[in-house]
Amino acid sequence: MPKVIMNEMEMLRALTRLSYEIIERNKGIENLILVGIETRGVYLANRIAEKIATIEGPIEVTSLNIKAYRDDITEKTQPAVHEDSLAGKKVVLVDDVLFTGRSIRAAMDACVDRGRPLEISLAVLVDRGHRELPIRPDYIGKNIPTSKQERVRVQVTEADGQDAVIIE
């Protein structure tokens, strides 16, 4: 039976806190770019950008498709060529759930292909543990201890019609 771990208000509070933490740790938004990992990371990155805009001003947001960089997909596709460069920028990767760390490793490879960033940090709405790689988020909305058999699903209004984090 699915259980709601975060409701709409809790998600809003977590994203607001993440926004302030990103501003504070980076001493503003100069040279900062939010990179949302497709699919739900993009929606979350846009929401964080909206919050940051009300506090500090507009911030650049872009999306990242990591399929070509995944080590668990046998059919490789060629990475898409992107014109927007990340060279010399402070990149904040944004994702919905951090689990094994393999998606984030793929995202870092994809970022470097778009130019050498000054630095890369990671913001996740949910950290559920069970890392297989030495990857740790810099900004965490909520830690949710889970078993490996459980599934954590983030729902966003833009794609799912509601905001919620569900454990199944």
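**Two helices and a PRPP-binding motif**

Right after helix H3 comes Gly 115, with a positive phi near 115 degrees. That is a handy place to start on this predicted model. H3 itself covers residues 102-113, and its end C-alpha atoms sit 17 Å apart, which agrees with the 16 Å that its 12 residues should span at 1.5 Å a residue. Which residues of H3 are buried? They are Ile 104, Ala 106, Ala 107, Ala 110 and Cys 111. These residues take up an arc of only 155 degrees around the axis, so they end up on the same side of H3. As a general point, an α-helix has 3.6 residues a turn, so residues three or four places apart point the same way. As for partners, the buried residues of H3 pack against strands E2, E3, E4 and E5.

Helix H2 can be read in much the same manner. H2 runs from residue 40 to residue 55, 16 residues in total, and reaches 23 Å from its first C-alpha to its last, close to the expected 22 Å. Its buried set is made up of Gly 41, Val 42, Leu 44, Ala 45, Arg 47, Ile 48, Ala 49 and Ile 52, with an arginine, Arg 47, included. What do the buried residues of H2 pack against? Two helices are on the list, H1 (8-25) and H4 (157-160), along with strands E2 (32-37), E3 (60-64), E4 (90-98) and E5 (119-127). Just after H2, Gly 57 has a positive phi, in this case about 130 degrees.

Next comes the annotated stretch. An unreviewed UniProt entry lists residues 91-103 as a short sequence motif, "PRPP-binding". In the model, that span is 62% strand and 15% helix, and its end C-alpha atoms lie 16 Å apart.

Zooming out, the protein has four helices and eight strands, laid out along the sequence as β-α-β-α-β-β-α-β-β-β-α-β. The radius of gyration is 15 Å, close to the 15 Å that the globule rule gives for 168 residues, so the protein is as compact as a globular protein of that length. Along the principal axes, the C-alpha atoms fill a box of roughly 45 × 45 × 30 Å. Of the 168 residues, 46% count as buried. Among contacts with a separation of 6 or more, 70% come from residues 24 or more positions apart. The exposed area is about 9000 Å², with carbon and sulfur atoms supplying 49% of it.

Notes
Residues numbered from 1 in each chain as written. Predicted model: local features only at pLDDT ≥ 70, side-chain atom pairs only at ≥ 80, totals over all residues. Heavy atoms only, no water. UniProt positions renumbered as here; feature names shortened; annotations may be inferred. Expected span 1.5 Å × (residues − 1). Buried < 20%, exposed > 50% of the residue type's maximum accessible area, 1.4 Å probe, protein only. Contact = heavy atoms within 4.5 Å. Rg over C-alpha atoms; globule rule 2.2 N^0.38 Å. Areas by Shrake-Rupley, 256 points an atom, 1.4 Å probe, with all protein chains shown as cover. Arc of directions from axis to C-beta.
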